[in-house]
Amino acid sequence: MPAVTVENPLTLPRVAEPQAVVPRKVLAVVSAPSGFEGEGFPVRRAFAGINYQYLDPFIMMDQMGEVEYAPGEPKGTPWHPHRGFETVTYLIDGTFVHQDTNGGGGTINGGDTQWMTAGSGLLHIEAPPESLVVSGGLFHGLQLWVNLPASDKMMPPRYQDIGGGKVTLLSTPDGGSLLRVIAGELDGHEGPGITHTPITMIHATVAPGAQITLPWREDFNALAYVMAGRGSVGEDRRPLHTGQTAVFGEGGSLTVRADDSQDSNAPDLEIVLLGGRPIREPMAHYGPFVMNSKHELQQAFDDFQAGRLGRIPTTARTGLGHRGTGEAGRPIPALRACPGVPAGCR
């Protein structure tokens, strides 16, 4: 980690430190519990325990791995439905193959991002390629769920393949940090992701002892999640380490600093910065469906059961990266209730 980098950040456009703005204070630091997703890959639930009023428009985020698989061990997800939101899969190490019943999909490698707008609904699967199942290897990534407003929940599904080479690369004035803008805007620089709900998503690598103070839209919330390393956030330098999320209050800038000393397996502070414009609508969330009411949830489940969200192709990938010969409309494992649901969701 990371997959997309440059030898000399000083060659990149630089983000100026904002002036005459109110810095955002740190409201809370929360540690992510660990669990398992899909067919058994380890995850950290980055937003667990955070009240939804501070997450909106984000629903959940999982750090998948970092894990070194032996031959035969790599796992993916089974076929499953989604409706009413967007999934963002940012792969740092490894390879995944995406397939969905709307015709979207492809292979994503380290540094790539896939952005799937479920909208009115579809079925999809994410699995390692057969070559990786045979060889084993390193796997590490993030999956973020972004809510859609009621007006967009039933829009047609859409798939975006954002290669690592398309990500906007920036640096700080001293060259001590590399900023990858995946979506949204930072100091006038746009990322490649096309979003329905206005958000900003940045993966920052901060060298030991370096500090970044970034301009941040005042109408956005602000969250910072540490994938690796140690550092601090806010002007009062609230400590933060791997697997922890910082929740910021209101203001026009946010500050992150890397500790002078880092572990040998994580030489830099690797942190994801997220912000979005709150939707402020009622949210009903069950498993893979995110709607505005219990009635809409029931309709989504009924539509799924009736095959109206799509049917698995007769020749389709399985979650283990092999080819299967499943029948159209074959049963899908039972939906589990509210994976990673933050406190305050309904």
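Here are four short exercises on the predicted model above, each with a worked solution.

Local features need pLDDT of at least 70 and side-chain atom pairs count only at pLDDT 80 or more, while totals for chains, interfaces and linings use all residues. Residues are numbered from 1 along each chain as its sequence is written, and side-chain values use heavy atoms, with hydrogens and water left out.

**Exercise 1. Work out what the protein chain looks like overall, and where pLDDT stays under 50.**

Step 1: start with pLDDT, the predictor's confidence in each residue, from 0 to 100. The chain's mean is 88, and 90% of its residues reach 70 or more.

Step 2: look for the weak stretch. Over residues 319–346 pLDDT stays under 50, though the model has 92 contacts (heavy atoms within 4.5 Å) beyond four places in sequence there. Where pLDDT is low, the predicted coordinates should not be read in detail.

Step 3: tally the secondary structure. There are 3 helices and 28 strands, taken as DSSP runs numbered from the N terminus (helices H or I, at least four residues; strands E, at least two).

Step 4: check burial. Of the 346 residues, 58% are buried, where buried means under 20% relative accessible area, exposed over 50% and partly exposed in between (1.4 Å probe, protein chains only).

**Exercise 2. Find which residues touch the most other members of the largest nonpolar core.**

Step 1: pin down the term. A nonpolar core is a set of buried Ala, Val, Leu, Ile, Met, Phe, Trp, Tyr and Cys residues joined through side-chain atoms within 4.5 Å.

Step 2: pick out the best-connected members. Among the 38 residues, these are Phe 47, Phe 58, Met 61, Leu 144, Met 201 and Leu 274.

Step 3: see who contributes. Helix 1 (52–55) supplies at least two residues of this core, and so do several strands, including strand 4 (58–69) and strand 11 (137–147). Apart from this core lies another, of 27 residues, with Trp 216 and Val 256 among them.

Step 4: zoom in on Leu 144. Beyond four places in sequence, its contacts include Phe 47, Phe 58, Met 201 and Glu 86.

**Exercise 3. Glu 86 is buried; work out which side chains make polar contacts with Glu 86.**

Step 1: place the residue. Glu 86 sits in strand 6.

Step 2: try a salt bridge (a side-chain nitrogen of Lys or Arg within 4 Å of a carboxyl oxygen of Asp or Glu). Glu 86 has none; Arg 158, the nearest side chain of opposite charge, is 4.2 Å away. For charge, Lys and Arg count as positive and Asp and Glu as negative, with His and the chain ends not counted.

Step 3: try polar contacts. These are N or O atom pairs within 3.5 Å; within protein, one must be able to donate a hydrogen and the other to accept it, and residues adjacent in sequence count only if both atoms are side-chain atoms. The side chain of Glu 86 pairs with those of Thr 117 at 2.5 Å and Trp 115 at 3.3 Å.

**Exercise 4. Sort out what three of the 8 salt bridges join.**

Step 1: take Asp 62 and Arg 45, at 2.4 Å, N to O. Asp 62 is in strand 4 and Arg 45 in strand 3 (residues 41–45), so the pair ties together parts 17 residues apart in sequence.

Step 2: take Asp 303 and Arg 83, at 3.1 Å. Asp 303 lies in helix 3 (residues 294–305) and Arg 83 in the loop between strand 5 (80–82) and strand 6, 220 residues apart. Both are buried.

Step 3: take Arg 257 and Asp 260, at 3.0 Å. Arg 257 is buried at 14% relative accessible area, whereas Asp 260 is exposed at 58%.
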